[in-house]
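Biologist: Please take one part of this protein and look at it closely, explaining each term with its cut-offs as you go. I would like to see how that part is packed against its surroundings.

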Amino acid sequence: MASSPCGGGNFDCGLEIQTRSVEQTLIPLVSQITTLINHKDKLKKTEKTLRAIQRVGQAVSVAVGRFVAVGEAIAAENEDLKDEMGLACFEARRAGTAIAQLTDVSSLEQCEGDGRSTVFSDRTGMVKAARMLLSSVTKVLVLADCIVIKQIISSRNKVLVTLEQLERVSTFQEFVQIFSQFGNEMVEFAHLTGDRQNDLKDEKKRARMAAARAVLEKCTMMLLTASKTCLRHPDCESARINKEAVFQRMRLALEQVIEIVTDTRSGGEAKALPVSIYAGIKDFKVKVEGLRDSLYCVSCEAVAAQLEALMEKTEDFTDSAYTSHEQRETIIQLCQITRQETKQLINTWRHAQLLKAKEATDEMELSILKTCQSVGDLRRELHRVAVGRATELLKLHSDHLVLQALKASGGDGNLEAVADYAGTLTEHKEQLVETCRLLCHISGTEPLEITCIHAEETFRVIGPQIISAAQTLALHPTSKIAKENLDVFCEAWESQLCDMAILLKEINDVFEGRRGALIKPFSHKHLKTVKAAKLDAEEQTTIAKLGLELCLLTSDVDSEVERWDEQDHEMVRLCQIISSMAYSMYLFTRYVLESLSFMKNVCSEDKTMLLLICTFSLRSSFNMSVYLLL
């Protein structure tokens with residue numbers, strides 16, 4: 001809770017900002033208000049300065065008025081947010097009025113003679129008004145963001161209703177009609193969730209959203225062919241099983257999207273990711289190295305217990321039937337070394353505590369180094385085993401021989417051959433599922449862990465679906481729809497293998513320190529706006545071409561910079577700045593052209609967009625006011 005700076009009551013601004021767009025809108029306001037609060041020099045009271053201050057104060061007040069008007073319109077259309085939005089708008093209007101009054105200094109005589117509070121005599125009042133403005137604007141923006149969440153939920157609900165209708169259809173004509181509606185609703189849902197994914201601040205949520213949206217995208221085509229197959233062969237049990245699995249997976253993906261955007265789970269509790277070996281080792285090393293700062297920050301028993309939990313997780317590697325004898329022996333040996341070094345560390349640690357030592361002894365320092373080295377060696381070996389396994393499997397499955405054999409056997413109506421190849425595919429599925437689990441242990445970042453979990457689940461689900469689709473084709477070898485259905489599921493399997501190869505490269509990049517080594521200005525995703533009207537084809541082509549050229553030039557500059565030994569060289573720094581400025585100018589130009597193209601239409605239809613436009617106006621006015629004041 002933050003007290004109201006303009007007097008009277010309390011104002012709750014404790015809402016969490018979860019999106020980049022709201023955060024980026026507020027950053028300049030936060031920066032300028034911080035500058036205003038920290039500035040202690042007295043202003044020069046020239047006539048020019050006084051006139052400028054008064055104009056800017058009025059501009060801020062007008063901008064706040066526009067901002068509040070849009071906020072109040074949103075409140076009027078959303079009954080559940082009406083009270084909170086109304087309070088936030090009231091506080092914003094009061095802050096704007098306070099700023100206008102404090103900057104009403106048209107002449108030196110008035111400023112010094114009438115005894116009224118101004119920015120010169122009541123700097124504290126100016127600071128309070130600025131804080132109130134930031135607080136209220138933040139809450140209005142966060143509440144407006146709730147409208148976006150409601151849109152996603154509403155869109156999901158429409159998709160679910162149509163999905164249930166699709167599941168119950170009994171004729172092709174009815175299916176085609178409802179599927180057309182379903183397609184339109186999925187496009188809308190994909191648009192809303194895509195924008196939300198790009199806007200989320202939390203990397204884990206972005207990764208989970210990407211995984212759920214990938215499932216929905218691939219399952220849409222599967223749903224089409226599986227439903228058609230079931231309609232053509234209504235008495236076929238394998239076709240029914242195939243179709244039900246697709247519908248179930250889509251429902252789970254839709255539910256996951258809502259869990260992400262609302263930050264809740266249907267069971268009421270957040271689902272925690274299983275702790276990977278990489279995360280466990282990282283946390284273990286932090287605790288061990290923290291003993292250098294304090295011998296009493298953690299207990300010996302806690303460190304020993306954490307190590308044993310870590311050793312238990314390595315059993316996913318050693319218990320695997322696909323781990324070679326040599327690899328298993330190496331992992332077990334490294335685990336024993338880590339246990340021995342940790343035991344020695346605990347002994348020296350307890351001895352230092354008995355001596356009432358205030359810092360780590362030399363003997364203890366040596367044990368810390370050895371323990372960290374041993375656990376680091378273990379991590380490297382586990383990485384080598386998991387990556388090696390994945391690389392071998394990807395090479396093994398690159399020819400897709402089993403899938404081709406299933407298609408051929410199904411087309412020949414050979415149920416016995418389909419059963420044989422189904423067994424082979426099931427074995428391959430188990431290998432890939434286990435390999436994804438091992439990759440999750442050593443992936444190196446939480447977003448990559450989530451991607452590994454998604455890959456594991458995809459192989460686990462699609463394997464049986466391919467088999468059921470092949471069985472259906474074998475029962476109806478002349479059915480074109482059944483053949484098409486099997487092709488779609490096989491393509492999904494092949495696509496996931498390609499995704500796994502990309503995932504493997506990203507994991508290696510993180511392990512070898514190549515990821516995130518040099519920040520490139522063009523690599524940041526440009527935040528999407530809501531439904532912009534399209535520029536004509538020539539304008540789009542010109543802007544896209546210029547943007548691509550600038551991207552490539554910027555990339556060339558950054559690649560050249562990487563060759564320089566002295567990264568702090570003045571010329572290097574200037575090149576990077578110029579490169580960044582060039583691309584930023586392109587983005588700004590594109591934004592202005594697109595904004596002029598759609599602002600007139602969108603403002604009359606979308607009050608949330610109008611609110612953002614008013615925010616930009618408000619921010620510009622406030623920046624100008626601070627610049628002139630300081």
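Modeller: What follows begins with the whole chain and then turns to one helix and its partners.

This is a predicted model, in which local features need pLDDT of at least 70 and side-chain atom pairs count only at pLDDT 80 or more, while totals for chains, interfaces and linings use all residues. Residues are numbered from 1 along each chain as its sequence is written, and side-chain values use heavy atoms, with hydrogens and water left out.

The protein contains 20 helices and 2 strands, where helices (H or I, at least four residues) and strands (E, at least two) are DSSP runs numbered from the N terminus. Of its 630 residues, 44% are buried, a word that stands for under 20% relative accessible area, with over 50% called exposed and the range in between partly exposed (1.4 Å probe, protein chains only). If we take contacts, meaning heavy atoms within 4.5 Å, between residues at least 6 apart in sequence, then 80% of them join residues at least 24 apart.

The part to look at closely is helix α15, which covers residues 415-442 and includes threonine 435. Threonine 435 has a relative accessible area of 0% and is therefore buried. Setting aside neighbours within four places in sequence, threonine 435 is in contact with Ala386, Arg389, Ala390, Leu393 and Met500.

Consider next how α15 meets helix α14 (residues 401-412), for their axes come within 9 Å and cross at roughly 160°. That angle makes α14 roughly antiparallel to α15, since angles over 145 degrees count that way, while those under 35 are roughly parallel, 65 to 115 roughly perpendicular and the rest oblique. The axes are lines fitted to C-alpha atoms, for helices over the stretch in contact, and angles run from 0 to 180 degrees between N-to-C directions. The crossing of α14 past α15 is left-handed, that is, the near helix is turned anticlockwise from the far one by less than a right angle, whereas clockwise would be right-handed. On the α14 side the contact includes Val402, Leu403 and Leu406, which belong to a set meeting residues of α15 such as Val418, Tyr421 and Leu425. The residues of this contact divide into 9 nonpolar, 4 polar and no charged, where Ala, Val, Leu, Ile, Met, Phe, Trp, Tyr, Cys and Pro count as nonpolar, Asp, Glu, Lys and Arg as charged, and the others, Gly among them, as polar.

Helix α15 also packs with α17, at an angle of about 25° and with the axes 12 Å apart, which makes α15 roughly parallel to α17. Here too the crossing is left-handed. Among the residues in the contact are Leu425, Leu432 and Thr435 of α15, together with Trp493 and Met500 of α17. In all, 10 of the contact residues are nonpolar, 1 is polar and 1 is charged.

Finally, these helices can be set beside the largest nonpolar core (buried Ala, Val, Leu, Ile, Met, Phe, Trp, Tyr and Cys residues joined through side-chain atoms within 4.5 Å), which has 104 residues, with Leu439 and Trp493 among those with the most contacts inside it. Helix α17 (residues 480-511) gives the most to this core, with 13 residues. Tryptophan 493 touches Leu403, Leu425, Lys429 and Leu432, among others, when residues up to four places away in sequence are not counted.
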